[in-house]
Protein chains: 2
Amino acid sequence: MSEVRIAGVGLTPFGRMPDRTGRDLFAEAGLAALDDAGVAPPTVEHLFFGNFMGELAEHQGHQGPLMAEAVGVNAPATRLETACASSGVAVREAVKTVRNGEADVVLVGGMERMTNMGTAGATDGLSIAADDLYEIRAGMTFPGAYALMATAYFEEYGGSVEDLAHVAVKNHDNALPNEYAQFRNAITVEQALDAPRIADPLGLFDSCPISDGASAAVLVSEEFAEREGLDAAVSVTGSGQGGDKLALHDREWLARSPATEKAAEMAYDDAGIGPDDVDLAEVHDCFTIAEVLAIEALGFYDYGEGVGAARDGETTRDGRLPINVSGGLKAKGHPVGATGVAQIASLTKLLRGTHPRSSDLDDPRVGLAHNAGGTVASATVHVLEVER
Amino acid sequence: MSEVRIAGVGLTPFGRMPDRTGRDLFAEAGLAALDDAGVAPPTVEHLFFGNFMGELAEHQGHQGPLMAEAVGVNAPATRLETACASSGVAVREAVKTVRNGEADVVLVGGMERMTNMGTAGATDGLSIAADDLYEIRAGMTFPGAYALMATAYFEEYGGSVEDLAHVAVKNHDNALPNEYAQFRNAITVEQALDAPRIADPLGLFDSCPISDGASAAVLVSEEFAEREGLDAAVSVTGSGQGGDKLALHDREWLARSPATEKAAEMAYDDAGIGPDDVDLAEVHDCFTIAEVLAIEALGFYDYGEGVGAARDGETTRDGRLPINVSGGLKAKGHPVGATGVAQIASLTKLLRGTHPRSSDLDDPRVGLAHNAGGTVASATVHVLEVER
């Protein structure tokens with residue numbers, strides 16, 4: 001099977017851009033990735049595109065061909081949707097397509113419009129990631145669901161809202177020089193604790209924002225990269241996916257994420273590494289508690305041990321395992337369908353040494369991206385490695 | 001790469017079932033496929049699921065995990081959406097997953113609810129398969145779009161509404177003994193010609209109905225089939241996908257389908273066959289003109305020659321190349337996200353010799369499935385072959 005190289009990545013800034021259409025956003029990210037790769041659009045053999053709720057946001061389905069045209073790609077295009085992990089699964093199918101030799105050059109990306117829907121519209125749109133019949137009609141919202149998970153975690157393992165505040169403070173601090181981030185303001189633990197509660201025990205700063213934005217990456221076979229002399233030092237060496245029951249009440253665990261565990265196991269096996277080999281990770285921190293659940297399920301911490309990691313400085317940039325150096329969903333923003341590939345874009349820059357935070361890191365060689373959908377009913381994990 | 005076998009297939013009846021939920025429909029089809037395969041649900045390693053507009057029909061996204069749970073599958077689940085080709089692309093990713101050795105047992109399926117939306121709601125829902133900004137807001141509907149394509153075809157190549165009526169008559173006749181078909185009534189050319197015009201030159205009988213339904217197939221590696229002693233004589237030997245610009249006005253051709261041409265070329269290459277090797281085909285006849293465009297783009301007829309094929313008895317069951325022996329979308333029904341896999345299910349039964357129409361055929365060995373999205377901005381082609 002062909003080795004998969006990342007030849008280029010591209011992002012729009014994440015934030016409030018209610019007047020920009022989806023095709024406009026993806027054109028910016030996609031063309032930036034193709035330019036970064038030095039690959040002309042007609043060279044692309046397939047587009048895999050992640051979008052969560054374009055049907056509600058733009059009255060638009062069938063976005064694959066629309067987005068291909070927006071970047072000048074004349075190739076088959078497939079839209080994937082797994083809620084907030086939509087572009088994580090797009091990366092997985094793109095990797096398969098290069099690996100099995102069906103294509104040498106694949107564009108993968110994602111996009112979400114949310115702020116044009118208003119807060120109530122976006123909240124309603126996000127709710128379709130959960131079980132409409134048994135959760136949403138009973139009044140559940142995503143802040144409420146993650147608040148249940150945080151409550152269950154505190155009860156099972158301990159930890160406090162102050163521990164979670166440290167996750168938010170770390171991720172806001174990480175985002176400060178990131179020109180693509182939605183929030184570039186430092187916050188304090190006190191500010192986080194004093195903020196209004198959204199769904200007890202979670203407060204305003206425990207939650208990621210509602211965001212617009214797009215992301216893209218050009219994946220190529222090793223043979224193509226060598227033949228074309230591309231600068232593609234970062235490879236995707238591992239890919240995995242896990243699933244769980246959609247509704248929280250059907251799960252065995254509220255304070256653990258088995259779908260992430262399965263995705264990680266598959267990705268580690270695929271890459272031939274273990275959690276101890278990872279130098280930095282971008283994980284799905286839609287809420288601060290989600291970062292805690294992720295770093296435990298990924299095998300970086302035992303159950304119950306992850307909640308203190310930010311507080312103890314272990315996951316800060318100078319810690320033993322920097323987490324969400326981009327700012328994470330919390331501060332970088334979370335345009336849902338774009339997030340999985342945005343993690344890949346951030347990690348690629350961090351591994352190449354071209355990210356504004358690269359100088360803070362100790363030449364990381366192995367990065368991990370973790371993308372989750374719903375209350376982690378879907379999860380993808382990718383392992384990226386750089387040649388030096 | 002592993003050879004991909006079809007171990008089992010399952011369908012719900014297609015028709016008006018507005019009170020059945022999506023999970024209920026897919027449970028019936030998925031469990032039927034697993035039962036047909038003799039495979040227990042926990043053996044499944046991945047679900048690929050096609051659905052087009054669950055966001056609008058059921059206020060439900062993230063259907064992968066929901067549908068996995070509905071059939072007792074505890075595995076990662078990915079939803080794919082390419083309008084009316086949604087489960088066609090699901091088959092493609094399922095095939096890749098078995099071929100590259102990532103899984104031995106994959107469930108693939110699709111589902112659509114439409115009649116619960118009412119006619120206006122379903123028409124609105126279907127419209128998101130076209131370009132909302134530049135086509136739908138200008139008043140385009142799908143009957144209108146295919147009417148434009150029919151008009152362009154007649155102008156470019158000739159042919160008549162009577163030729164198209166023969167397509168409808170043939171497909172209604174084919175469906176008569178199909179217990180899963182929505183329409184099991186014979187019609188005459190005169191009836192079709194006398195029916196109200198929906199969008200000139202297309203009349204009521206030129207259009208497929210609005211349908212609810214689900215479909216599923218169990219794909220396994222050849223090694224697994226042999227090890228488990230499964231009855232899996234039908235293989236997927238070729239898979240292809242093509243794309244085109246989403247909006248009709250951006251295309252070079254109204255009277256040809258380049259996306260189908262590309263998908264067919266890829267699938268034929270993959271299977272190592274050509275169009276002359278195909279013994280029967282299920283093609284995407286959402287409108288009668290669509291069957292004509294398909295059989296030309298698939299290489300069965302030269303451009304301009306396909307329009308008379310049904311009239312001349314070449315594509316009837318006793319013709320040289322039977323087309324849509326299941327009844328096609330026209331008479332079998334078209335629950336959008338279910339259609340691609342339903343074609344695979346019908347073909348599998350026809351190749352096995354277990355379909356109610358099998359006795360009318362001359363032991364076909366090679367079947368082709370063609371699934372299209374929108375005005376053929378997306379197309380997939382699969383080649384199925386049976387061992388005898």
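**Helix packing, symmetry and cavities in a predicted two-chain model**

In chain A, the buried residues of α5(A) pack against α2 (54–57) and α6 (142–157). Those buried residues are A122(A), G125(A) and S127(A), in a helix that spans residues 118–127. Buried means under 20% relative accessible area with a 1.4 Å probe, protein chains only. Helices are DSSP runs of H or I with at least four residues, and strands are runs of E with at least two, numbered from the N terminus.

This is a predicted model, in which local features need pLDDT of at least 70 and side-chain atom pairs count only at pLDDT 80 or more, while totals for chains, interfaces and linings use all residues. Residues are numbered from 1 along each chain, chains are lettered from A, and side-chain values use heavy atoms, without hydrogens and water.

A turn of 180° with a shift of 0.0 Å along the axis lays chain A on chain B with an RMSD of 0.0 Å, superposed by least squares on C-alpha atoms of residues with pLDDT of at least 70 in both. The two copies are therefore related as by a two-fold rotation axis. In chain A, the C-alpha of L80(A) is nearest the axis, 2.4 Å from it.

The structure also holds 5 cavities of 30 Å³ or more. A cavity is a set of points on a 1 Å grid where a 1.4 Å probe fits but cannot get out; lining residues have an atom within 4 Å of a point. The largest holds about 60 Å³ of space, and α11(A) gives the most to its lining, with 3 residues. The second largest holds about 50 Å³, and α11(B) gives the most to that lining, also with 3 residues.

Methods: Buried < 20%, exposed > 50% of the residue type's maximum accessible area, 1.4 Å probe, protein only. Contact = heavy atoms within 4.5 Å. 1 Å grid on protein atoms, 1.4 Å probe; cavity = no way out; pocket = protein on both sides within 12 Å on 5 of 7 lines; lining within 4 Å. Points joined across faces, edges and corners; volume = space filled by probe spheres on them.
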